[in-house]
Amino acid sequence: MRAVVKPSNGKVELVDIAVPEPGPGEIIVKTSLCTVCGSDMHFLDEFPNEMLSAAFPGCLIAEGLPMGHEGVGTVHAVGDGVTRLKPGDRVIGSCLVGCGKCHECMTVDHSSCSGGGSVLFGCQAEYYKVRFAELNTAKVPDGVSDDQALFATDIMSTGLGAIERAKAGTGDSVAVFAQGPLGLCVTAGARARGCGLIIAVDAVPERLEMSKKFGANVVINPKDEDPVARIMALTDMQGVDVAVEAVGTQTTFEAAARSVRRGGVVSSIGVYGLTPMLQMPTIVPSFLHRTIVTTLCPSGRDRMEHLLRLIEFGTIDLTPLYTHRMKLADAPAAYDLFRSKAEGVLKIAITP
Ligand SMILES: [Zn+2]
Ligand SMILES: [Zn+2]
């Protein structure tokens, strides 16, 4: 089968490798749709394969790092002990794989697994493996398309998680820093949860246009004006109830901390990559008297089933995020396009 692999930093290539075999508790999925995500860019451009191998034991194959963790497909083969799934079922797998047995899986979330969980590497291929499949796979309802279902594997969960974990709800004011695919999911989630004033911040005009479609009431381009000053002016100089950091930079984290009212919440979901340290403002407006919450990606079957329900019954439609469609053979070009942020690119639907 063909698979997208990273042999070394900054480089992806298509290789021919054997279709994986399912071990106990595992399934093999035949891919119908996959995509490139911001996290893929961190894996590709920042973290050397040796570092990833230390963090996620067993993630490498001889050719390098199998890329991709957001995919949809049909079950191709099941391993011993898998009873809930059968060949032909249309499924999605969580981008983060939990074991379901460790302390963190049982008490917090599968995304913090310490019992052998990992990232679901390898979706950008004709077939991919899901470990602990009963726990980490959800069947896709007939009324949900592949295009829609794909979002429930990662960015929809993370984006909505930012709002849920901050307990933002009816009438709350929310500022979302960065409107890439993930930030746009936050904006859509804030709207779905009934937030009152939703402010979207990004330097790319096309992304701000999209954020209006997803429910933002006010958009701010930091190239034109100071986002913190504008947010303060919009909130009677009090700050918003919740500010979400959705890209992973010092600048946006600091702006989020300065935009939140006393007693409010800074919700951080951006991936900071190799940024070694974050600084927090201590001079008013500061992080003092604020709560800071972080969310990776709430994962697992139950979580994905909840998200699929939001999609199936029309609460959220994220499909406008697809700006491009490409074939798996063109994956290296897809990475170049995604990295460039050119052509208004948000999500690239990749089919085998
Ligand atoms: Zn992702
Ligand atoms: Zn676990």
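In this predicted model, E343 sits in the loop that runs between α12 (331-340) and β18 (347-351). Its backbone has a positive phi of about 55°, although E343 is not a glycine. The residue counts as exposed because its relative accessible area is 59%, and the cut-off for that class is over 50%.

A second residue invites the same description. M237 is found in the loop between α9 (227-234) and β14 (240-245). M237, too, is not a glycine and has a positive phi, here of about 65°. With a relative accessible area of 57%, M237 is likewise exposed.

The discussion now turns to the metal sites. The zinc ion (ligand 1) takes its protein donors from C37 (SG), H69 (NE2), E70 (OE) and D154 (OD), which lie 1.9 to 2.2 Å from the ion. The angles subtended by these four donor atoms run from 92 to 134°, and the arrangement is therefore tetrahedral; the class requires all angles to lie between 85 and 135 degrees. For comparison, the ideal angle for four tetrahedral donors is 109.5 degrees. Along the sequence, the donor residues follow the spacing C-x31-H-E-x83-D. Within this set, E70 and D154 link distant parts of the chain, being 84 residues apart. E70 belongs to the loop between β4 (65-66) and β5 (71-78), whereas D154 belongs to the loop between α5 (146-149) and α6 (155-165). Both E70 and D154 are buried.

The zinc ion (ligand 2) is held by sulfur donors: C99 (SG), C102 (SG), C105 (SG) and C113 (SG), at 2.3 to 2.5 Å from the ion. Here the donor residues are spaced C-x2-C-x2-C-x7-C in sequence. Because the four donor atoms subtend angles of 104 to 120°, this site is also tetrahedral. Two of its cysteines can be placed with respect to the protein surface: C99 is buried, with a relative accessible area of 7%, and C102 is buried as well, at 10%. Both assignments follow because buried means under 20% relative accessible area.

The last residue to consider is P20, in the loop between β2 (11-16) and β3 (27-34). Its relative accessible area is 22%, so P20 is partly exposed. Leaving aside residues up to four places away in sequence, P20 touches M1, I28, Y127, Y128 and K129. V240, by contrast, is 220 residues from P20 in sequence, and the two C-alpha atoms are 49 Å apart in space.

Technical notes
Residues numbered from 1 in each chain as written. Chains lettered and ligands numbered in written order. Predicted model: local features only at pLDDT ≥ 70, side-chain atom pairs only at ≥ 80, totals over all residues. Heavy atoms only, no water. Donors = N, O, S within 2.8 Å, 3.2 Å for Na, K, Ca; no water. Tetrahedral: all angles 85-135°; square planar, octahedral: opposite > 155°, others 65-115°. Helix = DSSP H or I, 4+ residues; strand = E, 2+ residues; numbered from the N terminus. Buried < 20%, exposed > 50% of the residue type's maximum accessible area, 1.4 Å probe, protein only. Contact = heavy atoms within 4.5 Å.
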